[in-house]
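Visitor: I'd like to go through this one with you and ask how each label gets earned. Can you show me what we have?

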Amino acid sequence: MNRENQPVYLRELNPEQYNAVIHTGSPLLILAGAGSGKTRVITTKIAYAVDALGVSPESILAVTFTNKAALEMKTRVFSMCARAGGVMIRTFHSFGAWLLRTYGGNIGIAPAFLIYDEDDSLAFLKRELRENYGAAQIKQYLSWIQRAKDLGLGPEDDLKRVSHDRHLPGIFAAYQERLATTGNLDFGDLIMKSIELLRRRPDTKQAVRERFGMVLVDEYQDSNVAQFKLLQEVCGDDTYLCVVGDDDQSIYKFRGAEVENILGFPEQFPRTRVIRLEQNYRSTRKILEAASAVVSHNKNRLGKTLTTVNNEGREIVVAYLQDYTEEAEFCAEVINRNGAEETAVLYRMNYQSRHFEELFLRMGIPYRIVGTQRFYEREEIKDALCYLALLINPQDELAFLRVVNKPPRGIGRVSLEKIVDRHGQGHEDWIACCRNPQEGLSKKAAAGIRDFISCLDFLAAALEKETLSHFIHVLIERTGLLACYEQKDAEAGTAKASNLLELINAAMPYPAARAGLLQFLENTLLNSPEMKDPEKGKVTLITVHNTKGLEFERVVITGLEEGVFPSFPGTDPEDTSTEEIEEERRLFYVGITRAKKELYLTSCRRRALYGRYITSRPSRFLTEIPGHLVREYEGKSVTAYKARNEDEFCRGARVFHDDYGYGVVIKNESKGEHSLVTVRFDTGRSARFIPAYSSLVRIKEEY
DNA sequence: CAAGATGTAATTTTT
DNA sequence: TTACATCTTG
């Protein structure tokens, strides 16, 4: 075919990418391997549809999972095609919010609803359950409710797939009811209510289907059942639907992601055309080969063969180390040799970052940590946002309870209880409830309430007069939040006051008054800019989950030990289900494929757990990488600990045990799977161990 | 009503 | 070990 006359962005594509871009006429599933130019294809496809096919930008809907992805897609589409400004590029939740604000009135949803995040939901459920349940149980129930919503199930549905708990349906129903009295929605509702809207109102469904003739979904492997149902409602027979994803990179099962969505897409949508993107542009051959070998151990996958024309590259370095201190030292060494920029240290769990932070701080290695706490989740920001929320919606119970005594106004638990009781009797909102004379309140509390009300009145008036940004400035001063946190900052060395001031800047782009405030609140929550822009010259500390969509020259994946990576909390490693292991393996696969040129894997012999050392075994994933791709790190620690082979505890070997201390192996018998080792300790005692189940470590002879 | 004391639990996390 | 949540005391 003649591609000479086509725009540059088309000529740069490989044949599969090209076919995916120009395809029309049936549902399309693009199976895009890691580093295969997935985002490029989806953005080019949008540009091409507008430019070459004459599709109206307003009729295109592109859905992603993260704000970051949405933002990136917007930027890339607009840079390719200026006319694409009208394309709707949103996250699933943001799309739901749009749908409900636009048409929600048809099913009785007030367009000015606020969105409760997970913390809010939990606080909410706590109010419902705290009399009879512990914190852990409440969390469990919330998690079940969320899972149910992920599956598109309401309180009245059969919840057996979520849990057999007898009380769940009742608690779920009570939660929904309580939420309804505030008029607000939680994250799950943004999807659930959208489905309900389109099902109950054929007129709305028709309007939506007429508007969106072309729908694209990115990261489809992480969609859940509810999102699939929503997609089914949005897409009619005439809608062109294209989904992009990689079943090997599905890592959010614990959040309700349903790999079946992508695996079963061709059956769900008849006449589906499947295009595979298997050409990798990111990694060296060795890295890619390792990644493929590892993930090929998974059974539940479509299977694809990634190839690359890139160089073979260096061997993968595997370092067996003594403990997390040595691991941090190893990372420091990698960084000092190669530079911090374009280097990432990956770990399975957030708390693992501490060891790296400590050492890097001491050694003066510049680093940044990605994705610990979101801006809007900060205590002080949340306080300010709750004042704002209360101004928009005086029914907002949660917001009221959070800020009524913040900063302290002398309204304690007892006084609050009385107000809550009083509110429960009438049907006035929280502010009206406080406005009326309070009986039985202490003088102090009554004064506090009066103060609170006059503060809110002042703010309500200010909201109409000031720009939003200035209004927020007024708010944090008039409420006393700023002063309160300035004092706390001085005591605790935090930076909460400056975060509050940051909020003033964040509000700059928004219009004034209620309308602007509403937009601002939604954007803070649903489009909160995460501070993920790679700063120059710093090493990146990041969880493996958070690396999705990123790439680095050099990657160190740390903590490759059974129980850490793969992780299986609370479960016996022996009976961990294969499904769980496969998800962990996919996560490892994601980690490996982030590396462009160099990959390092570290595994520790001992790890500190809640102040105690426990021995761990190397991750099974390490054995899944073909030996010829790997070079074992031979640093200072090699003498202390080498990969365990039969000789590790041979007769005469010097060993250390957590409880017994130092000793010498005097006998080594093989018994089936495990060897039985007899040790005489320096204290004179002897004991027998199965090394696999003990904390026995081989050490250097000198010790 | 607010600061200290004791107890308990401990993944990953888009929105 | 540490972080937090709930309980007790000033």
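Guide: Sure. One definition before we start: helices are DSSP runs of H or I with at least four residues, numbered from the N terminus. By that rule, A513 is found in helix α25, residues 513-526. Bear in mind that this is a predicted model.

Visitor: What makes the phi of A513 worth a remark?

Guide: The phi of A513 is near 65°, a positive value in a residue other than glycine. Most residues other than glycine have a negative phi. E342 is another such case, with a positive phi of about 65° although it is not a glycine. E342 is found in the loop between α15 and β10 (343-347).

Visitor: Why is E342 called partly exposed?

Guide: Partly exposed is the range between the 20% cut-off for buried and the 50% cut-off for exposed. E342 has a relative accessible area of 32%, so the label is partly exposed.

Visitor: And why is V334 called buried?

Guide: Buried means under 20%, and V334 has a relative accessible area of 1%, so V334 counts as buried. V334 lies in helix α15, residues 324-338. Outside its own stretch of sequence, not counting residues up to four places away, V334 touches G339, R554, V556 and Y600.

Visitor: How far from V334 is V404 in space?

Guide: V334 and V404 are 52 Å apart, C-alpha to C-alpha, with their positions 70 residues apart in sequence.

Visitor: What about N298, buried or exposed?

Guide: Buried: the relative accessible area of N298 is 5%, and the cut-off is under 20%. N298 lies in the loop between α14 (285-295) and β9 (316-321). Leaving out residues up to four places away in sequence, N298 touches E582, R585 and R586.

Visitor: How do you know that the length of α17 agrees with what a helix should span?

Guide: The expected span is 1.5 Å times one less than the number of residues. Helix α17 (residues 379-392) has 14 residues and should span 20 Å; its end C-alpha atoms are 20 Å apart, so the two agree.

Visitor: Why is α17 described as largely enclosed?

Guide: Because 13 of the 14 residues of α17 are buried, the rest of the structure largely encloses this helix.

Visitor: What makes α11 "mostly covered"?

Guide: In helix α11 (residues 225-234), 8 of the 10 residues are buried. Among them are V225, F228, L230 and L231, as well as Q227 and E233.

Visitor: What makes N224 a cap for α11?

Guide: A side-chain oxygen of N224 lies 3.1 Å from the backbone nitrogen of A226, at the N-terminal end of α11. The cut-off for a polar contact is 3.5 Å, and 3.1 Å falls within that.

Visitor: Which residues have the most contacts inside the largest nonpolar core?

Guide: F471 and F520, in a core of 97 residues. Not counting residues up to four places away in sequence, F520 touches L385, L388, L468, I472, L503, A506, A507 and Y510. There's also a second, separate core of 37 residues, which includes A290, L306, V370 and A595. In soluble globular proteins, nonpolar side chains tend to be buried together.

Visitor: What makes a residue count as near DNA strand B?

Guide: A heavy atom within 4 Å of the strand does it. For DNA strand B, 30 residues surround it, and the closest are N67, R255, R348, R374 and T543. By class, that surface has 10 nonpolar, 13 polar and 7 charged residues. Helix α19 (residues 413-425) gives the most, with 3 residues.

Visitor: How do you know that T543 makes a polar contact with the strand?

Guide: A polar side-chain atom of T543 lies 2.6 Å from a phosphate oxygen of DNA strand B, against a 3.5 Å cut-off. N350 passes too, at 2.9 Å from a phosphate oxygen. S567 has a polar side-chain atom 3.0 Å from a base oxygen.

Visitor: Why is S567 called buried?

Guide: The accessible area counts protein chains only, with buried under 20%. S567 has a relative accessible area of 14%, so the label is buried. S567 lies in the loop between β13 and α26, and so does P566. The peptide bond from F565 to P566 is cis, with omega near 10°. Most peptide bonds are trans.

Key
Residues numbered from 1 in each chain as written. Chains lettered and ligands numbered in written order. Predicted model: local features only at pLDDT ≥ 70, side-chain atom pairs only at ≥ 80, totals over all residues. Heavy atoms only, no water. Core = buried A, V, L, I, M, F, W, Y, C linked by side-chain atoms within 4.5 Å. Buried < 20%, exposed > 50% of the residue type's maximum accessible area, 1.4 Å probe, protein only. Contact = heavy atoms within 4.5 Å. Polar contact = N/O pair within 3.5 Å; in protein donor to acceptor, adjacent residues only side chain to side chain. Helix = DSSP H or I, 4+ residues; strand = E, 2+ residues; numbered from the N terminus. Nonpolar A, V, L, I, M, F, W, Y, C, P; charged D, E, K, R; others polar.
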